[in-house]
Amino acid sequence: MSNPSRPTVRVPTALARPLDVYRGQTVVAAVSGGADSVALLLALHAARARVVVAHLDHALRPGSGADAAWVAALAADLGVPAVLERVEVAAVATRRGWNLEDAARRVRYDVLSRMARAHGGVAILTAHTRRDQAETVLIQLLRGEAVLTGMPARRGSVHRPWLDVGRADLEAFLHANAQSWREDDSNADPAYTRAWLRTQVMPILTARYPGLEVVLSRLARYQTQDDAALTAHATALNPHVPRDRVPLAVLRRRVRQELRSAGLDVHAGHLDTLVDALHAGSTTHLTLPGGRDVTVTGGDLHLKPSVFDSPAFAVPDGWTLRTPESGDQIGLPAGTRLLSDVLTDRKVPRADRSLVPVLVDGAGQVQWTGLTPAVWAAGAREVAGQPADPLHAAMGEALTLARDAAAAQEVPVGAVVLGPDGAVVGRGRNRSREHGDMTRHAELDALREAAATLGTPYLTACTLVVTLEPCPMCLGAAMEARIGHIVYGAANPKAGALGGVTDVLAHHWGTRLTVTPGVRAREAARLLRGTFAALRNPRTGAARQELAEGDEGSG
Ligand SMILES: Nc1ncnc2c1ncn2[C@@H]1O[C@H](COP(=O)(O)OP(=O)(O)OP(=O)(O)O)[C@@H](O)[C@H]1O
């Protein structure tokens, strides 16, 4: 029931019109408690939509619980139902190897979709405004994305009705109705790209180009229209048209469509190589992320089918070989996961997932998967009489080095380099404090030692194993040394160059490098947390440090 003591809300036309279509409809309003989503909630309620308020507490800030309670109280005051959920997003990010912003977004949309299904909502409405749209276009530009379409006004059931609404109109609306909102300090923290753009970059640009926000959101609209037209051409492309007569913009979309429909992701550099070869009628071979080989020859694109391994060991009694079934689970050292999530993380194309051989035990738990390298359940290697995972063992050495660094009051990061035969040829740990030199990172020490051991600076068939996602300096050094494979433990949202802050490999480099994230990630992350706690508070921190050490064998 609506609160009768609440004054009637008057909504200006610019804000009300985009919401007219929801009159009488059940919709889920995503309300953070910030100005934009509070205004959306008020305006939707005034538009006589049947609103269900949805709020996710990401548990990333001490005040987040208070925000949730505030949103619940506002919903109660308006007489509309509210669904609240709390998810430890930081733990999800660590487990899945995602950066924090990414994890927060993925978890949020997942939870919102579930809430919409449970309440029969026809749409999930977010309060993104023209300002958010302008920032998104700038982010796409800075990341070097091929099209600057911004956020779509609709994607599936997610609707963004206010993408053309200016922030000033919205705040004026809230003030006119004496409605308060919650301020989130992290919105001003320049460590986050969006907040940095909002607080540091946009003010400078807007001082010179006052209409920038409008211009950028118009650009997004035009680019969306252009992209739709070119994509339609690409879809309708006749396979017999000589490729050198097809405009590159259409060809690029066509190649992307073909790869996407095979469930494959590509970097811009890969796409350029394939498109150029198609257009020129030349031949090129590439290995895409996820290990799929693709060849362009004679103006055609050929995808080699995924090849999966069969078990090359005696299958233990009671285990059965089959293909994945929905709901399959695997007990990994860091916890039990859905097999489908593991296959997603390993970038197995959707179309090929039903072909992956798996071994399940008598209880139906997956013990082994035929990926390269294979994924084993915790303890399964021992049951099958297989040697320990060499990467797990190498990470153990790197963790020991990281602990040595911690004991020497250094940031606890350790690294080893495995030579082409898998033996350790280089070791390193952080020594920046000892030398008063910020280039003395663990990886650089390990690379240097490996080059000395092998007698060559080129470490082409070598693997760098490091406890923390490398920073740009160390990743650059590894690429200069032509390292073929990087394995890391914990994600590094503050300085990581493999997706933590930026994904350096998204650009086209001359070297080919594969990356395995998340090996013994929990131990590496705990060690870092324990050391920082020890530095801040020597008494309680010491206990945590011991905890971190005791965790070593659990991976
Ligand atoms: N914790 C949350 N729970 C529910 N919905 C959220 C949450 N955080 C963000 N959203 C939705 O996503 C939109 C965009 O998120 P963003 O982080 O830009 O918003 P915000 O700055 O936290 O809040 P607002 O946009 O309400 O001022 C919000 O307008 C809101 O609709």
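**Exercise 1. Place Asp-102 in the fold and identify the residue whose side chain forms a polar contact with its own.**

Solution. Asp-102 and Arg-105 are joined through their side chains by a polar contact of 2.7 Å (a pair of N or O atoms within 3.5 Å, one able to donate a hydrogen and the other to accept it, with residues adjacent in sequence counted only if both atoms are side-chain atoms). The model is predicted, with local features needing pLDDT of at least 70 and side-chain atom pairs pLDDT 80 or more, while totals for chains, interfaces and linings use all residues. Residues are numbered from 1 along each chain as its sequence is written, and side-chain values use heavy atoms, without hydrogens and water.

The next step is the position of the aspartate: Asp-102 belongs to helix H5, which covers residues 100-119 (helices are DSSP runs of H or I with at least four residues, strands runs of E with at least two, both numbered from the N terminus). The last step is its accessibility: Asp-102 counts as buried because its relative accessibility is 17% (buried is under 20%, exposed over 50%, partly exposed in between, with a 1.4 Å probe and protein chains only).

**Exercise 2. Which side chain makes a polar contact with the side chain of Asp-67, and is Asp-67 buried or exposed?**

Solution. Begin with the element, which for Asp-67 is helix H3. The accessibility then settles the second part of the task, since a relative accessible area of 6% makes Asp-67 buried. Its contact partner is Arg-182, whose side chain is reached by the side chain of Asp-67 in a polar contact of 2.7 Å.

**Exercise 3. Work out the strand order of the open sheet that contains S19 and S20, and find what Ile-486 pairs with.**

Solution. Start from the whole sheet: five strands follow one another in the order S17-S16-S18-S19-S20, and their pairing is mixed (two strands pair if DSSP finds at least two bridges between them). At the edges stand strand S17 (424-429) and strand S20 (514-516), each of which pairs on one side only. From one strand to the next the twist averages 15° (axes are lines fitted to C-alpha atoms, and angles run from 0 to 180 degrees between N-to-C directions).

Then narrow the view to one pair, in which strand S19 (residues 485-490) runs parallel to S20 and is joined to it by three bridges. Ile-486 is found in strand S19, and its bridge partner in S20 is Val-515. Although their positions lie 29 residues apart along the chain, the C-alpha atoms of Ile-486 and Val-515 are 4.8 Å apart. With a relative accessible area of 0%, Ile-486 is buried.

**Exercise 4. Which strands stand at the edges of the open sheet formed by S7, S8 and S9, and which residues of S9 face Thr-295 and Thr-297?**

Solution. The three strands lie in the order S7-S8-S9 with antiparallel pairing. Strand S7 (284-287) and strand S9 (300-303) each have a single partner strand, so one side of each is left without a neighbour in the sheet. The twist here averages 20° from one strand to the next.

The pair of S8 (residues 293-297) and S9 is antiparallel and is held by four bridges. Two residues of S8 give the register: Thr-295 has His-302 as its bridge partner in S9, and Thr-297 stands opposite Asp-300 in S9. Finally, look at the turn, where the hairpin of S8 and S9 has two residues between the strands and Gly-298 takes a positive phi near 55°.

**Exercise 5. Compare the surroundings of Arg-48 and Ala-59: in which loops do they lie, and is each of them buried or exposed?**

Solution. Take the backbone angle of each residue, beginning with Arg-48, which is not a glycine and yet has a positive phi of about 65°. For Ala-59, also a residue other than glycine, phi is positive and near 55°.

Next come the loops: Arg-48 sits between helix H2 (35-46) and strand S2 (50-57), whereas Ala-59 is in the loop between S2 and helix H3 (64-78). The accessibilities complete the comparison, for Arg-48 is exposed because its relative accessible area is 61%, while Ala-59 counts as buried at 17% relative accessibility.
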